[in-house]
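Visitor: Hello! Could you walk me through this structure, one question at a time?

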Amino acid sequence: MNCCGAFIHIFDFMFYLPVIWLKVTNELPWRLPLPSLNYLLSSHVWRQDHNGFSHQDPGFIDHVVNKKAEVIRVYLPPDTNTLLSVADHCLRSRHYVNVIVAGKQPQPNWLSMEDAVLHCTRGIGIWDWASNGPSEPEVVMACCGDVPTLETLAAVHLLRLHLPDLRVRTINVVDLMRLQPEREHPHGLSDHEFDALFTADRPVIFAYHGYPWLIHRLTYRRSNHANIHVRGYKEEGTVTTPFDMVMLNDLDRYHLVMDVIDRVPGLASRAGQVRQLMMDRRVQARAYTRAEGDDLPEIRDWTWT
């Protein structure tokens, strides 16, 4: 079923019924597994350039994760190749309700098809090519969703440019349920696996597609939860440009860099000029949007280098 991310709430109860039915039939040995029910939310909160606030609500994911762990799955592929891999897996699966969130706008391809399959099989992973140094990071930049991934990578690029000595680890999440403990969900990570990725004591700047508190709900038992700082949708929207939309919700690349400067111990005092530059860039980007009705070319046409 393909639907707009906001209008899918019309079918909340229709979603609930098959979840309950699948949960109960899992307990009946004579009932054969059925093909999964697959939802594709392809018109999502971050790209409602013409519809605006009335079409901006990513809360269906929150509704889904309340249901039985053995039945529900939530995937947020960051590019075309990961979407192909996720869709192939979901269409072949049996006895699940899969929710895939992927925008209908053109997106960069961050991974080759081979790497995308590996990444989706893991469900979560470190992107070495977008990280700075193999040693223990000073900050972890995590992302989940296509637009948050774009803004995170742009922020990492700015950090490399202005703070090249800062050790950054970039993590992308495709399978949202990997964030839960293994005792809560079949796809969940053990505490040791989670700490190996996100560290036990370093700041984590997490850019997420939906409401930020869902990430806190999924990770509240982790040892480093106090250092996880989530940016996501916070009910700020209108008919505006794509980058202005992320700026309204403080999910933009400049604000993510500012979060890093604020959260990494000792960094604020030596990166004050960089922080001021990021604030200025936000002001300039908003002024251009208001004057031209479009995003700055350097933002609109940005690519990873």
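Visitor: Which residues in H4 do Asn81, Thr82, Leu84, Ser85 and Val86 in H3 meet?
Guide: Happy to start there, and keep in mind that this is a predicted model. The H3 side of the meeting is made by Asn81, Thr82, Leu84, Ser85 and Val86. Across from them, the residues in H4 are Met113, Ala116, Val117, His119 and Cys120.

Visitor: At what angle do H3 and H4 pack, and what does that make H3 relative to H4?
Guide: Two packed helices are described by the angle between their axes and the distance between the axes. For H3 and H4 the axes are 8 Å apart, and the angle is about 55 degrees. Angles under 35 degrees would count as roughly parallel, and 65 to 115 as roughly perpendicular. The angle of about 55 degrees therefore makes H3 oblique to H4.

Visitor: Is His119 buried or exposed?
Guide: His119 lies in helix H4, which spans residues 113–122. Its contacts include Thr82, Leu111 and Trp127, and a polar contact of 2.9 Å joins its side chain to that of Asn172. The cut-off for buried is under 20% relative accessible area. His119 has 1% relative accessibility, so this residue counts as buried.

Visitor: And His44, is that residue buried or exposed?
Guide: His44 lies in the loop between S2 and helix H2. Among the residues that His44 touches are Ala102, Asp146 and His209. With a relative accessibility of 4%, and the cut-off being under 20%, His44 counts as buried.

Visitor: Which strands stand at the edges of the sheet?
Guide: Strands of a sheet pair through backbone hydrogen bonds, either parallel or antiparallel. Here the open sheet has four strands in the order S1-S2-S4-S3, with parallel pairing. An edge strand has a single partner strand, so one of its sides is left without a neighbour in the sheet. That description fits S1 (2–4) and S3 (72–75).

Visitor: Which residue in S2 stands opposite Asn2?
Guide: S1 and S2 pair in the parallel sense over three bridges, and S2 covers residues 37–43. Opposite Asn2, in S2, stands Leu40.

Visitor: What angle does the direction of H3 make with that of S4?
Guide: Helix H3 (residues 80–92) packs on the sheet. H3 touches S2, S3 and S4, the last of these being strand 97–101. Between the directions of H3 and S4, the angle is about 165 degrees.

How values were computed. Residues are numbered from 1 along each chain as its sequence is written. This is a predicted model: local features need pLDDT of at least 70, side-chain atom pairs count only at pLDDT 80 or more; totals for chains, interfaces and linings use all residues. Side-chain values use heavy atoms; hydrogens and water are left out. Two strands pair if DSSP finds at least two bridges between them. Helices (H or I, at least four residues) and strands (E, at least two) are DSSP runs, numbered from the N terminus. Contact means heavy atoms within 4.5 Å. Axes are lines fitted to C-alpha atoms, for helices over the stretch in contact, and angles run from 0 to 180 degrees between N-to-C directions. Buried means under 20% relative accessible area, exposed over 50%, partly exposed in between (1.4 Å probe, protein chains only). A polar contact is a pair of N or O atoms within 3.5 Å; within protein, one must be able to donate a hydrogen and the other to accept it, and residues adjacent in sequence count only if both atoms are side-chain atoms. Angles under 35 degrees count as roughly parallel, over 145 as roughly antiparallel, 65 to 115 as roughly perpendicular and the rest as oblique. Lists of a residue's contacts leave out its neighbours within four places in sequence.
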